[in-house]
Amino acid sequence: MQFELSHVDKVYVSSEENKVFGAKDVNISILEGDFLALVGPSGSGKTTILNLIAGLLLPTSGFLKHGGKDITSMTLEERTQHRLDYMGFVFQDYQLLPILTAAENVEFPLQLKGFDKKEIKQRVEWALAQVGLEGMGKRFPKQLSGGQQQRVSIARAIAGRPQLILADEPTANLDSKTAQEIIELFLKLNKDFKLTFIFSTHDQRLIDQVRTVLYVKDGQISEKKVHNV
Ligand SMILES: Nc1ncnc2c1ncn2[C@@H]1O[C@H](COP(=O)(O)OP(=O)(O)OP(=O)(O)O)[C@@H](O)[C@H]1O
Ligand SMILES: [Mg+2]
């Protein structure tokens, strides 16, 4: 399903009553199966745009549409359900629960989605295998490297078979070799399952491998580059 941001503004009002445009007249059309990076300096608006797409923030003006459904007009409950149905999330700091094993971390959103025990087990095994961690489900996060922890978080994001993965600086805590491996895993999942990826990055070395690069500056999309990859 196509995702569309149309004339989206997000204005933050700080405590001093200063207005800051986190996003300014943002227009993005994301096709199913796209592989898209938001690139820009600190404070340019990357996280704001990702949170808007996730429905975690509502625009001050403009529209967000997913498969023709208007996210801006949904209730809070409808937006939460929409996110659970269609989206998976990957974070810079992995956000794994330290008291749960890798498998239990992957299980967590599947329980929220109401799958039965057998289905959950199958999906957890499938997801851990997809990220190259078969047999490691019983380990706790602290028994895994940073790259492996990020793989667990990717398994958690894909286990519910979403359409869209949103990732805010997913490689920022990783060394360049591990960052490259994570991007290769994203590319594999994108190719194998037509899974759409939208992520932010500072990392220039990764950008050439990304099909659609949107440069963000002062809350605006300043440039779009499409690579033939
Ligand atoms: N809750 C908030 N209240 C007020 N201003 C905010 C808020 N969140 C973000 N901003 C401002 O909006 C602008 C965009 O911030 P955003 O976090 O989207 O940038 P970013 O590109 O993700 O930066 P970074 O690379 O540092 O993560 C910045 O000027 C920031 O200070
Ligand atoms: Mg950010």
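In what order do the six strands of the open sheet sit? Let's start there. Reading across, you get E6-E7-E8-E3-E9-E10, and the pairing is mixed. Keep in mind that we're looking at a predicted model.

Stay with that sheet for a moment. The strands at the edges are E6, residues 87-91, and E10, residues 220-226, and each of them pairs on one side only. On average, neighbouring strands here are turned by 20 degrees against each other, if you ignore direction. A bit of background, in case it's new to you: strands of a sheet pair through backbone hydrogen bonds, either parallel or antiparallel. This sheet gives us an example of each.

For the parallel one, find strand E7, residues 164-168, and strand E8, residues 196-201. They pair in the parallel sense over five bridges. If you want one spot to zoom in on, go to isoleucine 165, whose bridge partner in E8 is phenylalanine 197.

For the antiparallel one, go to strand E9, residues 212-217, which pairs with E10 over six bridges. Here threonine 212 stands opposite valine 226 in E10. E9 and E10 form a hairpin, with two residues between them. Aspartate 218 is in that turn, and its phi is positive, about 50 degrees.

Now, what's worth noticing about that phi? Most residues other than glycine have a negative phi. Aspartate 218 has a positive one although it is not a glycine. As for how covered it is, aspartate 218 has 14 C-beta neighbours inside 10 Å, so it counts as partly exposed.

Which other residue that isn't glycine has a phi near 50 degrees? That's glutamate 169, again with a positive value. You'll find glutamate 169 in the loop between E7 and helix H6, which covers 176-193. It counts as partly exposed because it has 19 C-beta neighbours inside 10 Å. The cut-off for buried is 20 or more, so 19 falls short of it.

One helix to look at against the sheet is H5, residues 146-158. Helix H5 lies across E6 and E7, and runs at about 165 degrees to E6. In the loop between helix H4, residues 117-130, and H5 you'll spot glycine 132. Glycine 132 has 15 C-beta neighbours inside 10 Å, so partly exposed is the label there too. From the C-alpha of glycine 132 to the C-alpha of alanine 103 is 13 Å, and those two are 29 residues apart along the chain.

Okay, on to the ligand. Which residues are around ligand 1? Here's the whole set: Tyr12, Ser14, Val20, Gly22, Gly40, Ser42, Gly43, Ser44, Gly45, Lys46, Thr47 and Thr48. By class, that shell has two nonpolar, nine polar and one charged residues. Strand E2, residues 19-30, and helix H1, residues 46-53, each supply at least two residues of the shell. The largest share comes from H1, with three residues.

So is H1 mostly covered or mostly open? Mostly covered: six of its eight residues are buried. Those are Lys46, Thr48, Ile49, Leu50, Leu52 and Ile53. Lys46 and Thr48 are also on the list around the ligand. Just after H1 comes glycine 55, with a positive phi of about 75 degrees.

Let's hop to the start of the chain. Glutamine 2 is in the segment before strand E1, residues 3-13. Leaving out residues up to four places away in sequence, glutamine 2 touches Ser29, Ile30, Leu31, Glu32 and Gly67. With 13 C-beta neighbours inside 10 Å, glutamine 2 counts as partly exposed. Its C-alpha is 19 Å from that of lysine 225, and the two are 223 residues apart along the chain.

Last, zoom out. The protein has seven helices and 10 strands. The radius of gyration is 18 Å, close to the 17 Å that the globule rule gives for 229 residues, so the protein is as compact as a globular protein of that length. Its C-alpha atoms fill a box of roughly 50 × 40 × 40 Å along the principal axes. Of the 229 residues, 37% count as buried. And among contacts with a separation of 6 or more, 70% are between residues 24 or more positions apart.

That's my tour, thanks for listening!

Notes: Residues are numbered from 1 along each chain as its sequence is written. Chains are lettered from A and ligands numbered from 1 in the order in which they are written. This is a predicted model: local features need pLDDT of at least 70, side-chain atom pairs count only at pLDDT 80 or more; totals for chains, interfaces and linings use all residues. A residue is near a molecule or strand if its C-beta atom, placed from the backbone, lies within 6 Å of it. Helices (H or I, at least four residues) and strands (E, at least two) are DSSP runs, numbered from the N terminus. Ala, Val, Leu, Ile, Met, Phe, Trp, Tyr, Cys and Pro count as nonpolar, Asp, Glu, Lys and Arg as charged, and the others, Gly among them, as polar. Two strands pair if DSSP finds at least two bridges between them. Axes are lines fitted to C-alpha atoms, for helices over the stretch in contact, and angles run from 0 to 180 degrees between N-to-C directions. Two residues are in contact if their C-beta atoms, placed from the backbone, lie within 7 Å. The radius of gyration is taken over C-alpha atoms; the globule rule is 2.2 Å times the number of residues to the power 0.38. A residue is buried if 20 or more other C-beta atoms lie within 10 Å of its own, exposed if 12 or fewer, and partly exposed in between; C-beta atoms are placed from the backbone.
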